[in-house]
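Here is a short tour to read with the model open beside you. Take it one stop at a time, and turn the view as you go.

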Amino acid sequence: MSWTIPDITLNSGNKIPILAFGTAAPFFGTDCSQYISQALRAGIRHFDTAQLYSNQESVGKALHQWEGNRQDVYITAKWGLEGDVENDPKSALEETLRLMETDYVDMFLMHSPITLSSLSMKKAWAMMEQLKDQGKCKDIGVSNFGSLDIKRLSEAWKVVPAMNQIEYSPYNSHDSRSIAAVQICKDHGIAISGFGCLQPLSLKNEPHPLLSVLAEVSERLNLNEGQILLKWAQQSIGGPVVTITDKTDRMLEDIHAFQQQPALSDSVMDQITKAGRGRYYRGYLDPFRP
Ligand SMILES: NC(=O)c1ccc[n+]([C@@H]2O[C@H](COP(=O)([O-])OP(=O)(O)OC[C@H]3O[C@@H](n4cnc5c(N)ncnc54)[C@H](OP(=O)(O)O)[C@@H]3O)[C@@H](O)[C@H]2O)c1
């Protein structure tokens with residue numbers, strides 16, 4: 001395995017690169033292989049995909065055209081969420097592997113608990129444990145799980161999830177539900193991965209507490225606001241952050257932020273965290289379950 005972006009070690013002992021390239025909006029249901037290829041050329045090696053995004057074949061296509069090795073790329077896949085997706089991780093993963101033309105994914109996540117009863121969640125997890133045993137996924141994890149969901153799953157798990165992927169930005173990290181989710185994950189050694197880390201940038205047309213702080217830090221550190229928010233989220237949660245762009249320049253800037261730039265100092269981290277407490281905002285799944 002060779003990727004130049006830093007990684008962390010999961011509770012399974014496997015490593016995961018801390019920067020992931022997403023494939024959801026604006027790529028939903030479209031062939032986004034050209035962007036995955038661009039990201040591969042730029043140096044990104046971790047791709048975040050899902051059954052729900054209806055474009056998993058784009059990963060297979062981009063990998064096929066790439067000259068590198070499959071084992072040098074980290075793939076996160078997810079099953080479920082919509083009412084029309086069966087609660088069946090086994091057939092979902094088999095379909096994913098077929099579409100991606102690969103034998104395994106590195107991380108296989110339950111996309112969300114909200115469409116699952118407690119019983120179906122536990123049954124699904126048992127199936128995911130089997131899929132890991134069979135080597136069809138190297139690790140299994142969850143996404144959008146609040147603390148009560150993790151507690152419920154813990155009554156049945158044999159394998160502790162390796163990861164919980166949740167929305168994380170300075171505008172929701174102070175929410176009691178985020179705090180509880182992060183704490184229970186820490187207690188069980190579950191890595192947190194963040195998406196929606198750049199959501200504060202979508203508020204740029206209105207006054208909000210982070211505006212002046214990001215502008216000041218950006219000028220002082222010579223980093224753009226996206227790079228600062230991604231680094232803030234990654235350093236806050238310790239796990240990978242997922243982002244998306246259709247611009248090669250931004251891919252390179254994001255890589256640069258993690259490959260070349262030092263960590264944000266404690267005082268910059270505090271400055272952003274404190275400003276973030278001045279507003280609550282979540283771009284996805286609100287209300288996030290406690
Ligand atoms: N597990 C889940 O339920 C879940 C939910 C949502 C998302 N995700 C995953 O996370 C991925 C990322 O989605 P996200 O919503 O979290 O994206 P995000 O990284 O928070 O935001 C991406 C948006 O920010 C813009 N952007 C990037 N850098 C910027 C900068 N320096 N200044 C201003 N704007 C900038 C991009 O615009 P440009 O395109 O113009 O660069 C893009 O529109 C998804 O593709 C998906 O894989 C998972």
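In which loop is P200 found? P200 is in the loop between β9 (191–195) and α7 (210–221). Please keep in mind throughout that this is a predicted model.

**Around P200**

P200 has 26 C-beta neighbours inside 10 Å and, because 20 or more make a residue buried, P200 counts as buried. Leaving aside neighbours within four places in sequence, P200 is in contact with S169, P170, Y171, L210 and L229. G283 is another residue to look for: P200 and G283 are 83 residues apart in sequence, yet their C-alpha atoms are 8.9 Å apart in space.

For a contrasting pair, go to Q134, in the loop between α4 and β7. Q134 and S202 are 68 residues apart in sequence and 42 Å apart in space, C-alpha to C-alpha. Q134 counts as exposed because it has 11 C-beta neighbours inside 10 Å, and the cut-off for exposed is 12 or fewer.

**The ligand shell**

The ligand is surrounded by 24 residues, and the closest are G22, L198, G226, T243 and T245. What is the make-up of this shell by class? Polar residues account for 11 members, nonpolar residues for eight and charged residues for five. Two elements to highlight are α8 (225–237) and β10 (241–243), each of which supplies at least two residues of the shell.

**The nonpolar core**

The largest nonpolar core holds 76 residues. Those with the most contacts inside this core are I36, I75, M107, F108, A233 and V241. Which helix gives the most to this core? That is α8, with six residues. So α8 is worth colouring twice, as a contributor to the core and as a supplier of the ligand shell.

A233 is a good residue to click on here. Not counting residues up to four places away in sequence, A233 touches Y168, S169, G194, C197 and V241. S169 also appears in the list of contacts of P200.

**H111 and its annotation**

The UniProt record, an unreviewed entry, places the feature "binding site" at H111. H111 is found in the loop between β6 (105–110) and α4 (118–133). Is H111 buried or exposed? H111 is buried, because 23 other C-beta atoms lie within 10 Å. Beyond residues up to four places away in sequence, H111 touches A50, L52, K78, W79, G80, L81 and S143.

**From β6 through β7 to β8**

The next stop is a run of paired strands. β6 and β7 pair in the parallel sense over five bridges, and M110 stands opposite V142 in β7. On the next pairing, two bridges join β7 to β8, which run parallel. Here V142 stands opposite N164 in β8.

How many residues of β7 (137–143) are buried? Six of its seven residues are, which leaves the strand mostly covered. In β8 (163–167), five of the five residues are buried, so this strand is largely enclosed by the rest of the structure. In a regular strand the side chains alternate between the two faces of the sheet. In β8, M163, Q165 and E167 point one way and N164 and I166 the other way, and all are buried.

**Backbone details to check**

A few backbone angles deserve a look. The table lists two residues other than glycine with a positive phi.

| Residue | Phi | Place |
|---|---|---|
| E101 | near 50 degrees | loop between α3 (89–100) and β6 |
| N144 | near 60 degrees | loop between β7 and α5 (147–154) |

How do their surroundings compare, in terms of C-beta atoms within 10 Å? E101 is partly exposed because it has 13 others within that distance, whereas N144 is buried because it has 23.

The last detail is a peptide bond. A25 and P26 are joined by a cis peptide bond, with omega about 10 degrees. P26 sits in the loop between β3 (19–22) and α1 (33–42).

Technical notes:
Residues are numbered from 1 along each chain as its sequence is written. This is a predicted model: local features need pLDDT of at least 70, side-chain atom pairs count only at pLDDT 80 or more; totals for chains, interfaces and linings use all residues. A residue is near a molecule or strand if its C-beta atom, placed from the backbone, lies within 6 Å of it. Helices (H or I, at least four residues) and strands (E, at least two) are DSSP runs, numbered from the N terminus. Ala, Val, Leu, Ile, Met, Phe, Trp, Tyr, Cys and Pro count as nonpolar, Asp, Glu, Lys and Arg as charged, and the others, Gly among them, as polar. A nonpolar core is a set of buried Ala, Val, Leu, Ile, Met, Phe, Trp, Tyr and Cys residues joined through C-beta atoms within 7 Å. Two residues are in contact if their C-beta atoms, placed from the backbone, lie within 7 Å. UniProt positions are given in the numbering used here, feature names are shortened, and annotations may be inferred rather than shown by experiment. Two strands pair if DSSP finds at least two bridges between them.
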